[in-house]
Amino acid sequence: MKKNNIMVTVIISVIFLGIGVLLGTQVSKKDKPINNTAEIASVPLAYINGLTSGSPEKAYELSSEVLKGRNSIEVIREISKTVKSDKAEIVNPELYINSEADSNSAIYLANVKNLPKSAMGRTEAAFVIRLVKEDGVWKVDSSQVY
């Protein structure tokens, strides 16, 4: 009889341990970030670097199909000419990711210093870049320079 009680106790303990492990795994999955922010931020950073370094083809490769449909590589080359700089410096970058679980959009904001003088004499510009996830890969969907 004592042997049966020990067996029942062991079986119940194993069941509770299994339930605890299963629930612990589910909680840890929920705690993981939805998106890797460093991975997402690397896309607009490379895009800006492509434009400012005079490598518009690199920037164009990071563009979504929608952006490529609206702007040819020639348009991106013209934009690149206006912001090309040997000393471009990205400052105060901010990344805003849609908080929904299946988010596929984000906004990246950054100021870029040491650019060629604008018509107003400024050497700094604000970049606003909208990102989308396209076939599982983050791409630039639109960009504005102010």
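In this predicted model, Asn92 turns out to be exposed, since its relative accessible area of 54% clears the 50% cut-off. Asn92 sits in strand E1, and its phi is near 55 degrees, a positive value in a residue that is not glycine.

A second non-glycine residue with a positive phi is Asp135, at about 55 degrees. Asp135 belongs to the loop between E3 and E4. With a relative accessibility of 79%, Asp135 is over the 50% mark and therefore counts as exposed. The loop in question is the turn of a hairpin: E3 and E4 are joined with two residues between them, and Asp135 is in that turn.

The hairpin strands belong to an open sheet of four strands, which runs in the order E1-E2-E3-E4 with antiparallel pairing. Strand E1 (89–97) and strand E4 (137–145) are the edge strands; each has a single partner strand, so one side of each goes without a neighbour in the sheet. On average, and ignoring direction, neighbouring strands here are turned by 25 degrees against each other. Strand E3, which covers residues 125–134, pairs with E4 in the antiparallel sense over eight bridges. As for individual bridges, Val132 has Lys139 in E4 as its partner.

Moving on to the helices, H2 takes in residues 37–52. What span should its 16 residues give at 1.5 Å a residue, and how far apart are its end C-alpha atoms? The expected span is 22 Å and the end C-alpha atoms are 23 Å apart, so the two agree. At the start of H2, Asn36 brings a side-chain oxygen to within 3.1 Å of the backbone nitrogen of Ala38. Just after the helix, Gly54 has a positive phi of about 85 degrees. As for burial, the H2 residues that count as buried are Ile40, Ala41, Val43, Pro44, Tyr47, Ile48, Gly50, Leu51 and Thr52.

Next comes Ser85, found in the loop between H5 and E1. Is Ser85 buried or exposed? Its relative accessible area is 14%, which is under the 20% limit, so Ser85 is buried. The Ser85 side chain also makes a polar contact, reaching the backbone oxygen of Asn114 at 2.5 Å.

Finally, there is the matter of empty space. Rolling a probe the size of a water molecule over the atoms shows where such space is left. The largest pocket holds about 210 Å³ of space. Which element gives the largest share of its lining? Helix H5 (residues 73–83) does, with three residues. Ile79, Thr82 and Val83 are among the lining residues. The pocket is also lined by Leu115, Pro116, Ser118, Arg122, Thr123 and Glu124, along with Ala125, Val145 and Tyr146.

Technical notes
Residues are numbered from 1 along each chain as its sequence is written. This is a predicted model: local features need pLDDT of at least 70, side-chain atom pairs count only at pLDDT 80 or more; totals for chains, interfaces and linings use all residues. Side-chain values use heavy atoms; hydrogens and water are left out. The expected span of a helix is 1.5 Å times one less than its number of residues. Buried means under 20% relative accessible area, exposed over 50%, partly exposed in between (1.4 Å probe, protein chains only). A polar contact is a pair of N or O atoms within 3.5 Å; within protein, one must be able to donate a hydrogen and the other to accept it, and residues adjacent in sequence count only if both atoms are side-chain atoms. Two strands pair if DSSP finds at least two bridges between them. Axes are lines fitted to C-alpha atoms, for helices over the stretch in contact, and angles run from 0 to 180 degrees between N-to-C directions. On a 1 Å grid over the protein atoms alone, a cavity is a set of points where a 1.4 Å probe fits but cannot get out, and a pocket is an open set with protein on both sides within 12 Å along at least five of seven lines; lining residues have an atom within 4 Å of a point. Grid points are joined across faces, edges and corners, and a volume is the space filled by probe spheres set on the points.
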